[in-house]
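Grab a pencil and have a look at the model below. Try each exercise yourself before you read its solution.

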Amino acid sequence: MKYVCLVYGEEKDLYALTAERGAKLDADSLAYDRSLDQEGKLIIAQALQSVRTSKSVRRREGKRLVTDGPFAETKEQLLGFVMVEADNLDEALDIAAGIPLAEIGTIEVRAIYDIPGS
């Protein structure tokens, strides 16, 4: 079954890291992604740019409405995601616990919904 691990954290915490700690976090994240790939568990992993660069889109009465920033005002922002193949939710939770950013943020684990007929 496929699961997505949504990585949430406060961008200010990332900006507060020293250059050395930020580089270590990046290296640890890439190493973890490589280990998941070698185990045949990794589908894709991506970090996201700052919410300052994001836009939210809604369609109301047939018209596209675009606003700056994330959809909801929250303390934490979506920083990235890791999509994995896991045998069950427990395995997906174990994988999520190993994501280096889990130390300073939150990892939300959700099963991928298979659309019938797709």
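**Exercise 1. Find the mean pLDDT of the protein, and say which elements have the lowest and the highest mean pLDDT.**

Solution. Keep in mind that this is a predicted model, and pLDDT is the predictor's confidence in each residue, from 0 to 100.
- Step 1: the mean over the protein is 92, with 96% of the residues at 70 or more.
- Step 2: going element by element, strand 3 comes out lowest with a mean of 87, while helix 2 is highest with 97.

**Exercise 2. Work out how strand 3 and strand 4 are joined, and whether strand 4 is tucked away or in the open.**

Solution.
- Step 1: the two strands run antiparallel, and 6 bridges join strand 3 to strand 4.
- Step 2: pick out a facing pair. Arginine 58 stands opposite leucine 65 in strand 4.
- Step 3: now check burial, where a residue needs under 20% relative accessible area to be buried. Strand 4 has 6 residues and the number buried is 0, so this strand lies largely in the open.

**Exercise 3. Explain what catches the eye about the phi of glutamate 61, and decide whether this residue is buried or exposed.**

Solution.
- Step 1: place the residue. Glutamate 61 sits in the loop between strand 3 (55–60) and strand 4 (63–68).
- Step 2: recall the usual pattern. Most residues other than glycine have a negative phi.
- Step 3: compare. Glutamate 61 isn't a glycine, yet its phi is positive, at about 50 degrees. The hairpin here has 2 residues between the strands.
- Step 4: exposed means over 50% relative accessible area. Glutamate 61 has 81% relative accessibility, so it counts as exposed.

**Exercise 4. Describe the largest pocket: its volume, its lining and the classes of its residues.**

Solution.
- Step 1: the volume of the largest pocket is about 590 Å³.
- Step 2: 26 residues line this pocket, and the closest to its centre are Asp26, Ser29, Ala47, Leu79 and Leu101.
- Step 3: two or more lining residues come from each of helix 1 (11–15), helix 2 (19–38), strand 2 (42–47) and strand 5 (77–85). Helix 2 gives the largest share, 7 residues.
- Step 4: sort the lining by class, and you get 17 nonpolar, 6 polar and 3 charged residues.

**Exercise 5. Decide whether glutamate 20 is buried or exposed, and find how far its C-alpha atom is from that of tyrosine 3.**

Solution.
- Step 1: glutamate 20 belongs to helix 2.
- Step 2: its relative accessibility is 70%, which is why glutamate 20 counts as exposed.
- Step 3: glutamate 20 and tyrosine 3 are 17 residues apart along the chain, and 31 Å separates their C-alpha atoms.

How values were computed
Residues are numbered from 1 along each chain as its sequence is written. This is a predicted model: local features need pLDDT of at least 70, side-chain atom pairs count only at pLDDT 80 or more; totals for chains, interfaces and linings use all residues. Side-chain values use heavy atoms; hydrogens and water are left out. Helices (H or I, at least four residues) and strands (E, at least two) are DSSP runs, numbered from the N terminus. Buried means under 20% relative accessible area, exposed over 50%, partly exposed in between (1.4 Å probe, protein chains only). On a 1 Å grid over the protein atoms alone, a cavity is a set of points where a 1.4 Å probe fits but cannot get out, and a pocket is an open set with protein on both sides within 12 Å along at least five of seven lines; lining residues have an atom within 4 Å of a point. Grid points are joined across faces, edges and corners, and a volume is the space filled by probe spheres set on the points. Ala, Val, Leu, Ile, Met, Phe, Trp, Tyr, Cys and Pro count as nonpolar, Asp, Glu, Lys and Arg as charged, and the others, Gly among them, as polar. Two strands pair if DSSP finds at least two bridges between them.
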